[in-house]
Amino acid sequence: MRPLLTAAIVSVGTELTTGVTRDTNSGDVARSLAQAGVVVRRLAALPDDQPALQRVLGEALEEVDLVVTTGGLGPTPDDLTREAIAAVVGETVAVDPEIERWLGELFARRGLPLVEANRKQAWTLPSVTTIPNDNGTAPGWWLDGPDGRVLIALPGPPRELHPMWDGWVRPRLEARGLGRAAAMVTLRTTGLGESLIADRLGELLDRSADPIVATYARADGVDVTITSHDREGWAAAARVAETAAEVDRRLEGHVWGRGPTTWASELAAALDERGWRLAIAEVGTRGALTALLGEGLGERLALAEALAERPAPHGRHAADPEALAARVRDLAGVEAALAMEIRARRGDTVVSIALEDPRGRHRERRVVFLGDDIGRGRAALAAAAVLLARLREPGGDGSGDA
């Protein structure tokens with residue numbers, strides 16, 4: 001059998017290309033295939049246009065080993081995926097009596113007749129194996145091509161697609177020979193832009209290299225992925241680990257997490273490691289840091305206060321971030337406290353950060369790119385990074401001023 005090492009995913013529906021509906025299916029299927037060691041070479045969203053769909057499917061079946069379509073399996077005239085597939089493979093559709101009987105029983109249970117339009121969902125081809133759909137009226141199609149390529153057609157609603165993919169399609173693809181053993185690590189970074197990261201990584205980003213190193217800009221930082229596949233004489237996991245260590249070295253401590261982690265989960269783990277709880281005071285941020293962490297800290301976050309502006313002096317002490325950190329720490333009765341304050345400066349945002357914990361006091365000031373909502377969000381990321389680095393510092397709970 002032809003090994004299924006490359007794939008294309010085609011999402012069908014004018015509602016996708018007009019923006020009425022957001023396509024999440026292609027990303028979910030692509031992620032599942034990538035985890036299996038399949039290289040996804042094409043993602044396409046097409047309107048309900050049979051000639052366009054035929055052209056893309058024909059090209060994909062010449063380029064890759066596996067083609068997956070989502071959508072266009074409904075009963076209406078604009079659902080054209082079956083027609084396009086039939087034209088591409090040169091076969092004629094016919095009604096499958098078993099599927100027609102199943103559809104009739106399905107509608108009868110609802111007290112509805114099986115109208116002519118729904119008989120379209122009972123269509124099949126000589127080379128099709130039907131994929132059962134327990135959550136809808138559109139069975140999927142599995143086609144084995146004469147050259148060993150596979151084409152799979154699935155309905156568009158995620159509540160139907162996911163059970164069919166996870167429970168029926170994916171196991172059969174694996175039995176058929178899906179992908180190859182792969183290793184992948186994602187390093188999450190902070191404090192460096194994508195261009196500076198690319199400059200530091202240099203030749204590691206060569207697309208002809210193995211492992212493949214790639215950068216992906218996200219709202220909360222830049223991710224660096226390192227990927228490789230097993231082959232004779234090549235242990236992918238070991239090579240990925242070596243490259244990840246080199247990336248970490250070149251980025252000089254800007255890596256704060258690995259894999260699908262979040263700031264909240266990393267901070268929660270670091271607080272648990274020390275057995276500390278936290279209090280937060282924010283000035284001018286509209287609660288950006290608290291929003292970043294969400295409910296991820298749980299009971300570890302004893303107090304969070306967002307102030308529009310700096311409070312009046314308390315006695316003889318100015319209510320600067322250092323004083324605020326000490327005040328909220330005492331008020332909440334916790335081990336650690338963070339206070340931050342931002343101000344605009346020539347289109348950017350200056351953030352002052354103060355930490356109080358059993359080891360003493362730590363202060364930092366950073367400038368983050370842009371202002372307003374973007375600046376506030378980036379200031380919150382800077383504060384989270386300072387806090388996480390502080391929590392991860394080696395040493396006990398002594399006293400002193402950092």
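Buried means under 20% relative accessible area, exposed over 50%, and partly exposed in between (1.4 Å probe, protein chains only). The model is predicted: local features need pLDDT of at least 70, side-chain atom pairs count only at pLDDT 80 or more, and totals for chains, interfaces and linings use all residues. Residues are numbered from 1 along each chain as its sequence is written, and side-chain values use heavy atoms, with hydrogens and water left out.

**Exercise 1.** Classify Leu370 by its relative accessibility.

*Solution.*
- Locate Leu370: the loop between strand 17 (360–368) and helix 13 (372–392) holds this residue. Helices (H or I, at least four residues) and strands (E, at least two) are DSSP runs, numbered from the N terminus.
- Apply the cut-offs: Leu370 counts as partly exposed because its relative accessibility is 30%.

**Exercise 2.** Find which element gives the largest share of the largest nonpolar core.

*Solution.*
- A nonpolar core is a set of buried Ala, Val, Leu, Ile, Met, Phe, Trp, Tyr and Cys residues joined through side-chain atoms within 4.5 Å.
- The largest one has 33 residues; Trp263, Leu267, Leu289, Leu293, Leu338 and Met340 touch the most other members.
- Elements giving two or more residues include helix 10 (263–274), strand 15 (336–345) and helix 13.
- Helix 13 gives the largest share, 11 residues.

**Exercise 3.** List the buried residues of helix 4 and some of what covers them.

*Solution.*
- In helix 4 (residues 81–89), Thr81, Arg82, Glu83, Ala84, Ile85 and Ala86 are buried.
- Their cover includes helix 3 (50–63) and strand 1 (6–12).
- After helix 4 comes Gly90, with a positive phi near 70 degrees.

Methods: Contact = heavy atoms within 4.5 Å.
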